[in-house]
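Q: I'd like a close look at one helix pair here. Please walk me through the packing in one go.
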Amino acid sequence: MTTTIIKTTTRILASLILVFGAYIILHGHLTPGGGFQGGAVFASGLALLIVACEDEIVKKRFEKVPLSPLESIGALGFLGTALLGLMGYTFFKNVIANSGFIFGGKTPIGINPGYLNTGGTLAYMNIFVGMKVLAGLTSIVLIFFLLLGGKKDEW
Amino acid sequence: MMEHLPALMIAIPLFGAFTTPLLKKRQNIAAIWALIITVITFGLSLLLLQEVLSKGIIVYVFGANKPTLVLPSGYRVPVRIIFEIDAMGAFMALSATLMSFIGALYSYSHVEMETGLEKYYALLLLLEVGIIGMVLTGDLFNLFVFLEVAGIAGSALVGFRNYRGEASEAGIKYLMVSSVASLMVLFSIGLLYGQYGNLNMAYLSRQIHLDTVDMIALGLLFVSFAMKCGAVPMHYWVPDAYTEVPAGINPTLLVATYASLYALFRVSFSLFGAITWNMARVGWIMSILGVLTMFIGVTMALVQKDVKRLMSYHAISQTGYMLLGVGVGLTVLNDPAKLSAFGRAAMAGGIFHIINHIIYKSLLLMTAGALFYVTGTRNLNEMGGLARKMPYTTIAFIVGAAAISGLPPFNGFASKFLIYETSYQLNPLLAVFAMVTSVLTLASFVKVFASAFLGPPLEKYEEVREVPKPMVTAMIILAILCILFGLFPNVVLNKLIYPAVDALIKLAQYQSWGGLV
């Protein structure tokens, strides 16, 4: 599967794709996209890296990565953020917005360029969802890659 | 904390589902953990039912300052996701949590030897979340989301024994059916959203005036939910799915099927309930669909040799009774005299039959799972003489078989009798079909009993012992429920069923979020 073309392209593109994925996750409350979309972009960057490497290297690199626990932690974090709302309000209430905590800056009224330090629980939920999605999609790609195993394409 | 019950009903099983995969190394603990979560959820659903019965409809607005703040800051339309729980929803949630608990208890021994159990229990809890969400929500899009959750978790569980080719096939089939059904649901939700710009069911039902687009939406919703509950022309997935799924999941999967039936009722009675001229026709369609379902299901069951497959065809056939009962009620919904004469009782029969059927069919499928556990086969011709070896399973089977055939004093009799009486008043032919179906059911269960449990003991089953204690406990609990529901049907009807029926009939209550607006 691995060719020089893929390797060269990956060298240039992989870091850009990963950064772009992280950007979409972090700016989920400001720009189009969010946790799921960013996580998918991030996972596609990882998929590119997986495809560009040999079997053994991929196996060695991913041996220690806790993909499945990461998925659980992402989901639990999402649930925990939603449960914060039970402190006096309701489930999913955005308690962090305008509270001065991280991502809890005061949201200005009117036309503005959008500030990263706003959004409250939304930003946290995007990060957790992004974590879950990138772990899940990466493990799917990884399983397919390792199942195909030694079978190479013709060229 | 009581006002947060609806949110906790979702949050706690979800928490369980996400923590279970972390227990990968100790699968035994994962099983016990899942059992604890299902017990807690069952307790919560009992509390919820009590709240609903004493205070009426409960509304929970997600993300608002107060749980009951449906229209914040002077809005005229609801903007947030709203859970709206009436007696019908609480009743379904109670069945879902009870059956998840029974399923988890039974699974503890039944799938002990398999691998990947942490995923099994995570999926079981996710399936429970999907059902609970479907029956509690008051928002159409939310209904779709939970339908998908239940569908995906269910299909993964159907294909759990993936070393068997048939299980993978059944899993794919279930996945196909549920994704086609939920796509059609999504499409019709899109139509309604385009028409009225809102997704809240209570709000929509006040706005709907049934033009062509609404009719298309109604048709699509009706067909797709009928497909997911296994009504006859779309029943092909039921035998495969119920046969291949591990017996511990059968109870929950049954409730998942009837959650779609609940959605069908909700669409017919609440979402489109305000359209007066049309619903009688839909009621007739539902009744005739019910009769066809029960008759075709039972005739196909008669020829089966695989014990679980036979019971799955009976599950199709029993769904017909519920459709018939509620269909009769829907036909006379706008005729107060007939409604009080027999319509209300017919609906009670249909809804009572849901919980009765869930109980005895889970019991029967679990005895079939026990037979499979000890003999390693599901072919009736290869079994025989097991009654001496497995006394508890035999007793459980007798109770279940008597209940499904509608013999007094078991619970099947109570609900079937209500359905016979009332459908006779709408059209005698309906009742005739219902009774013939019952007789055929009895015949086919006599066959199962004779070939699996009676007869001389076979040499190859010399070493067979009774199944482990958790499985026996799960079966005995359900058998006792069968007898109790049959002996005291009035208590159940008055406490559980008639409130649910009234919740469906009283549209104005639902439309105003229980009098909040």
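How are H10(B) and H13(B) oriented to each other, roughly parallel or roughly antiparallel?

A: Some ground rules come before the helices. This is a predicted model, in which local features need pLDDT of at least 70 and side-chain atom pairs count only at pLDDT 80 or more, while totals for chains, interfaces and linings use all residues. Residues are numbered from 1 along each chain as its sequence is written, and chains are lettered from A and ligands numbered from 1 in the order in which they are written.

Now the pair itself. H10 of chain B covers residues 250–271 and H13 of chain B covers residues 336–375; helices are DSSP runs of H or I, at least four residues, numbered from the N terminus. They pack at an angle of about 150°, with axes 9 Å apart. Axes are lines fitted to C-alpha atoms over the stretch in contact, and angles run from 0 to 180 degrees between N-to-C directions. H10(B) and H13(B) are therefore roughly antiparallel, a label for angles over 145 degrees. The crossing of H10(B) over H13(B) is right-handed, meaning the near helix is turned clockwise from the far one by less than a right angle.

As for who touches whom, H10(B) brings B:Asn250, B:Pro251, B:Leu254, B:Val255, B:Tyr258 and B:Leu261. Facing them in H13(B) are B:Ile354, B:Ile358, B:Lys361, B:Ser362, B:Leu365 and B:Met366. Contact here is C-beta atoms, placed from the backbone, within 7 Å. By class, that makes 9 nonpolar, 2 polar and 1 charged residues (Ala, Val, Leu, Ile, Met, Phe, Trp, Tyr, Cys and Pro count as nonpolar, Asp, Glu, Lys and Arg as charged, the others, Gly among them, as polar).

Over in chain A, there are 5 helices and 0 strands, in the order α-α-α-α-α. Its C-alpha atoms fill a box of roughly 60 × 30 × 20 Å along the principal axes.

How values were computed: Helices (H or I, at least four residues) and strands (E, at least two) are DSSP runs, numbered from the N terminus. Angles under 35 degrees count as roughly parallel, over 145 as roughly antiparallel, 65 to 115 as roughly perpendicular and the rest as oblique. Two residues are in contact if their C-beta atoms, placed from the backbone, lie within 7 Å.
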